[in-house]
Amino acid sequence: MAKKLGHRQKKTFVCSVCGNENYREEKNVNNTPGRMEISKYCKFCGKHTTHKEKK
């Protein structure tokens with residue numbers, strides 16, 4: 001059976017330097033209504049960069 005997500009939604013994160021979609025994570029939209037920015041490793045850039053939530 002599939003898992004119910006409820007207030008959690010799957011979001012895609014895009015590298016701010018090269019623009020590649022590298023990460024997909026779940027986010028609780030009630031707790032964080034705005035767009036998230038996280039620092040993650042980009043395998044295309046070869047360094048840690050800021051990843052922003054895709055529109």
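A residue counts as buried when its relative accessible area is under 20%.

**Figure 1. The whole chain in a predicted model.** Of the 55 residues of the chain, 20% are buried. The secondary structure consists of four strands and zero helices, giving the pattern β-β-β-β along the sequence. The C-alpha trace spans about 35 × 25 × 15 Å along its principal axes. About 4400 Å² of the chain is exposed, and carbon and sulfur atoms supply 47% of that area. Among contacts with a separation of 6 or more, 31% join residues 24 or more positions apart.

**Figure 2. Strand β1 and its pairing with strand β2.** Strand β1 covers residues 8-15, and strand β2 covers residues 21-28. The two strands run antiparallel and are joined by seven bridges. One of the residues to follow here is Thr12, whose bridge partner in β2 is Arg24. Five residues lie between the strands of this hairpin, and Gly19 takes a positive phi near 85°.

**Figure 3. Strand β1 and its pairing with strand β4.** Strand β4 is made of residues 47-53. β1 and β4 pair over three bridges, in the antiparallel sense. Phe13 has Glu53 as its bridge partner in β4.

**Figure 4. The surroundings of Lys11 in strand β1.** The side chain of Lys11 makes a polar contact of 3.1 Å with the side chain of Gln9. Setting aside residues up to four places away in sequence, Lys11 touches Tyr23, Arg24, Glu25, Lys27, Val29 and Glu53. Lys11 and Glu53 are 42 residues apart along the chain, and their C-alpha atoms are separated by 6.7 Å.

**Figure 5. The surroundings of Glu53 in strand β4.** Is Glu53 buried or exposed? Glu53 counts as buried because its relative accessibility is 7%, and the cut-off for buried is under 20%. Apart from neighbours within four places in sequence, Glu53 is in contact with Lys11, Thr12, Phe13, Lys27, Gly34, Arg35 and Met36. With one of these residues, Lys27, Glu53 forms a side-chain polar contact of 2.9 Å.

**Figure 6. The ring of Tyr23 and the charged end of Lys40.** Which residue has its charged end over the ring of Tyr23? The residue is Lys40, with its charged end 4.9 Å from the ring centre. A search for aromatic pairs across the whole structure finds zero.

Definitions and conventions:
Residues numbered from 1 in each chain as written. Predicted model: local features only at pLDDT ≥ 70, side-chain atom pairs only at ≥ 80, totals over all residues. Heavy atoms only, no water. Polar contact = N/O pair within 3.5 Å; in protein donor to acceptor, adjacent residues only side chain to side chain. Contact = heavy atoms within 4.5 Å. Buried < 20%, exposed > 50% of the residue type's maximum accessible area, 1.4 Å probe, protein only. Pairing = 2+ DSSP bridges. Phe/Tyr/Trp six-rings, centres within 6.5 Å; stacked < 30°, edge-to-face > 60°. Lys NZ or Arg CZ within 6 Å of the ring centre and 35° of its normal. Areas by Shrake-Rupley, 256 points an atom, 1.4 Å probe, with all protein chains shown as cover.
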